[in-house]
Amino acid sequence: MTLEELNTALYEKVYVEQKAFISELQNSSPGHVIEMAYELVIREDILLSLEENDLTAAQCKALLREKKPLDKLFQAWENSESRHMEDIRDCIEKLADKLIGQHRRSREASR
């Protein structure tokens with residue numbers, strides 16, 4: 001297989017795995033769906049990343065050997081260090097600072 005074919009095969013395998021996951025969620029209680037919302041979003045992000053980023057042939061083959069590569073990738077994400085909460089905090093602070101500036105300018109303009 002060519003590198004492009006390997007990446008496509010991996011994407012297709014993960015896509016099918018995600019569709020099965022979604023199908024299970026659709027047959028679950030609303031409470032269970034809410035509990036699984038984070039996992040659903042991260043799995044979608046992993047799928048999107050695989051669509052946009054080509055892996056090496058060795059990387060594709062390693063993931064293709066797994067029965068459920070998306071589950072493995074999600075577990076790896078869960079166990080990795082992430083700046084996620086720091087990024088959210090930075091976003092909150094930047095927006096708050098921007099709003100403070102807008103409020104000040106608005107007060108100064110009304111004087």
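Here are four short exercises, with worked solutions, on the predicted model shown above.

**Exercise 1. How helix H3 meets its partners**

Work out how H3 is oriented towards H1, and then towards H5.

*Solution.*

Step 1. Start with helix H1 (residues 3-26) and helix H3 (residues 37-52): their axes come within 10 Å and cross at roughly 160 degrees.

Step 2. Angles over 145 degrees count as roughly antiparallel. H1 is therefore roughly antiparallel to H3.

Step 3. Look at the handedness of this crossing, and you will find that H1 and H3 cross in a left-handed way.

Step 4. Now turn to H3 and H5, whose axes lie 10 Å apart and pack at an angle of about 110 degrees.

Step 5. The range for roughly perpendicular is 65 to 115 degrees. So H3 and H5 are roughly perpendicular to each other, and their crossing is right-handed.

**Exercise 2. Following Arg43**

Find the salt-bridge partners of the Arg43 side chain, and decide whether Arg43 is buried or exposed.

*Solution.*

Step 1. Place the residue: Arg43 sits in helix H3.

Step 2. Check its accessibility. The relative accessible area of Arg43 is 1%, and buried means under 20%, so Arg43 is buried.

Step 3. Look along the helix for a partner. Glu39 and Arg43 join their side chains in a salt bridge, at 3.6 Å from N to O. The two are four residues apart in helix H3, which means that about one helical turn separates them. Glu39, like Arg43, is buried.

Step 4. Look beyond the helix. Arg43 also meets the side chain of Asp71 in a salt bridge, here at 2.5 Å from N to O. This pair links distant parts of the chain, since Arg43 belongs to helix H3 and Asp71 to helix H5 (residues 69-78), 28 residues apart.

Step 5. Compare the burial of this partner: Asp71 has 22% relative accessibility, so it counts as partly exposed.

Step 6. Add one more distance for Arg43. Phe74 is 31 residues away from Arg43 in sequence, yet their C-alpha atoms are 6.3 Å apart in space.

**Exercise 3. A network of charges**

How many salt bridges does a search of the whole structure find, and which residues are linked with Arg83 in a network?

*Solution.*

Step 1. Begin with the total: searching the whole structure gives six salt bridges.

Step 2. Take one pair. Arg83 and Glu86 form a salt bridge, and their closest N and O atoms are 2.6 Å apart.

Step 3. Test that distance against the cut-off, which is within 4 Å for a side-chain nitrogen of Lys or Arg and a carboxyl oxygen of Asp or Glu. The 2.6 Å of Arg83 and Glu86 fits.

Step 4. Widen the view: salt bridges connect Arg83, Glu86, Asp87 and Asp90 in a network.

Step 5. Check the accessibility of the pair from Step 2. Arg83 is partly exposed at a relative accessible area of 44%, and Glu86 is partly exposed at 37%.

**Exercise 4. A nonpolar patch**

Identify the residues of the nonpolar surface patch of about 290 Å², and explain why Ile88 passes the accessibility cut-off for a patch.

*Solution.*

Step 1. Name the members: Met85, Ile88 and Ile92 make this patch.

Step 2. Locate one of them: Ile88 is part of helix H6 (residues 84-109).

Step 3. Apply the cut-off. Patch residues need over 30% relative accessible area. Ile88 passes because its relative accessible area is 35%, and it is partly exposed.

Note on methods
Residues are numbered from 1 along each chain as its sequence is written. This is a predicted model: local features need pLDDT of at least 70, side-chain atom pairs count only at pLDDT 80 or more; totals for chains, interfaces and linings use all residues. Side-chain values use heavy atoms; hydrogens and water are left out. Patches are made of residues with over 30% relative accessible area and no salt bridge: like charges are joined within 9 Å, nonpolar side chains (Val, Leu, Ile, Met, Phe, Trp, Tyr) within 5 Å. Accessible areas come from the Shrake-Rupley method with a 1.4 Å probe; for residues, only the protein chains shown count as cover. Buried means under 20% relative accessible area, exposed over 50%, partly exposed in between (1.4 Å probe, protein chains only). Axes are lines fitted to C-alpha atoms, for helices over the stretch in contact, and angles run from 0 to 180 degrees between N-to-C directions. Angles under 35 degrees count as roughly parallel, over 145 as roughly antiparallel, 65 to 115 as roughly perpendicular and the rest as oblique. A crossing is left-handed if the near helix is turned anticlockwise from the far one by less than a right angle, and right-handed if clockwise.
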